[in-house]
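Dear colleague,

I am passing on a structure for you to look over, and my notes on it follow below.

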Amino acid sequence: MNLPRIALLGSQHRKLMDHFSSDPSGHERAAIVLFRKFSVPETELAGSERYVAVDVIPFENNWVTESSATHVAFRLKPLVDIFRRCEEEDLVLGFVHNHPTSATGFSSVDDVNESVLLNALKNRNGSRSELIALLWAGEKWHGRHRGGSRENEARQIQHIAVYGDGITVTGHRGEHSHADEILDRQAAAFGRPFVDVLQSLRVAIVGAGGTGSAVATLLARAGVGELIIIDDDHLESSNLNRVRGSTIRDVGRSKSQVLKEYINGLGLNVSAYSMNSSVDMDPSAIDVLSTCDVVFGCTDDQIGRELMNLALYVYGFAYIDLGLGGRVDEDKFGDAILRNHHARISTILPESGECLFCQGVLREDWLRRQQALRDNPDLSEEELDERYLSGGAESAPGVAPFVGAAADYAVANLFELIRRFRRLPGNVREDMYSLDFVNMEVSSKEKKSDLSCEFCQRGSFTLMKEGYRLNRPALGKRNELA
């Protein structure tokens, strides 16, 4: 599974398509795409880099010396400033072109072009230079990777993922195994290519409690290739009513480790990894998120949730967030009665869906309250009130059928991102809806449509250049663990 992953935003993909179709003679066209490279150092996940596109630069007409429907030749001199930018901003060069009349993959001409380009880059920037090559042919992307020390050897990639209002994955390999029979019915419903796409994904689940353990086991049984489970909590006996894969013998152990062992013991073509850490305090967990295709937020920690809301824009992945809320009351006999209980599923991509602040899932006063309690757990409600930190996000009792239902819908949201199959009622949004378990209703809040939002409207954080991780000094610089 440790092969490079390539990520493009939908707007970048559209810009390239417009450029490719703009030649009046139907000749090949080329562009440079600059990538930011994310990796996980010194762990069992090392070696699986993710390259996220941050800029698209179409070739200008005077850069091209010759072109036809089957080839394109170009001058290197206009690219020198781009080479310099790669060195100064620590970016990876991408050479992107199309085959307008052929559905086949890379050609011998492409081999020569890539070798010449990488040699020129290596002469300017050093032997550690890299080149990502992308080809649009047959209505899909093909990709490969070359390193400066072996410019004549092309390395296979894991896939190319385009994040628009869904996720389009191409260039992946079908890795069929003994587990295929397990997924036959899923393939019958969605097609074998859908199963292959799931197999190529790396997905993180943040939180290994009731919803997180249910999400992780559903993803494993659906055939997702790599699962990374992140949680710094330990299993308690009160968790056993809802935490999948746990037994009484696991009480006191790391939740993430227990879940990892359970999934790997299923005998499926799935690799699960665990991290006993917290995403908002562990720099290595941030590095892991940056290499993932999809992240599920299954935590009631508002500070961690706020960080993932930021990370989805900076690192360009799909984010699915789950929450449970409700109110328990007493009836006239003094017995507990469930007045309200609902699950919320939010699905956000870098260029689609409202952020968690606009959805009302996050609020600044809730974050300040949690941080105050984290700094001083002994603060009373009166002291919190004095600091204008009263209230907080809803909590709900952990009832197994409800956490399981929330997980079912969240994983179905991932399916929907990859292969459209649903017809939603007019009052239900794709990016956020609630399941009311008491009144048996599915509904959504109205969109906030806040044009001043720095996350989902202005795009201030989308593919943001980092000094420190997520530009937060407490998280340290990348590859320098705090």
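Does Ser-213 count as buried or exposed? Please keep in mind that this is a predicted model. At 0% relative accessibility, Ser-213 falls under the 20% cut-off and therefore counts as buried. The residue belongs to helix α6, which covers residues 210-222, and a polar atom of the Ser-213 side chain lies 3.2 Å from the backbone oxygen of Gly-210. Once its neighbours within four places in sequence are left aside, Ser-213 is in contact with Gly-207, Ala-208, Arg-242, Val-243, Arg-244 and Leu-259. Its C-alpha atom is also separated by 9.2 Å from that of Gly-404, although the two residues are 191 residues apart along the chain.

The other part I looked at is helix α9, residues 302-315, which packs against helix α10, residues 364-375, at an angle of about 130° and with the axes 9 Å apart; that angle makes α9 oblique to α10. On the α9 side the contact involves Gln-302, Ile-303 and Glu-306, which meet Trp-366, Leu-367, Gln-370, Gln-371 and Arg-374 of α10, and by class this contact has three nonpolar, three polar and two charged residues.

As for α9 itself, 14 of its 14 residues are buried, so the helix is largely enclosed by the rest of the structure. At 1.5 Å a residue its 14 residues should span 20 Å, which agrees with the 20 Å between its end C-alpha atoms. At the start of α9, a side-chain oxygen of Asp-301 comes to within 3.3 Å of the backbone nitrogen of Ile-303, while the helix is followed by Gly-316, which has a positive phi near 65°.

With best regards

Terms used
Residues are numbered from 1 along each chain as its sequence is written. This is a predicted model: local features need pLDDT of at least 70, side-chain atom pairs count only at pLDDT 80 or more; totals for chains, interfaces and linings use all residues. Side-chain values use heavy atoms; hydrogens and water are left out. Axes are lines fitted to C-alpha atoms, for helices over the stretch in contact, and angles run from 0 to 180 degrees between N-to-C directions. Helices (H or I, at least four residues) and strands (E, at least two) are DSSP runs, numbered from the N terminus. Angles under 35 degrees count as roughly parallel, over 145 as roughly antiparallel, 65 to 115 as roughly perpendicular and the rest as oblique. Contact means heavy atoms within 4.5 Å. Ala, Val, Leu, Ile, Met, Phe, Trp, Tyr, Cys and Pro count as nonpolar, Asp, Glu, Lys and Arg as charged, and the others, Gly among them, as polar. The expected span of a helix is 1.5 Å times one less than its number of residues. Buried means under 20% relative accessible area, exposed over 50%, partly exposed in between (1.4 Å probe, protein chains only). A polar contact is a pair of N or O atoms within 3.5 Å; within protein, one must be able to donate a hydrogen and the other to accept it, and residues adjacent in sequence count only if both atoms are side-chain atoms.
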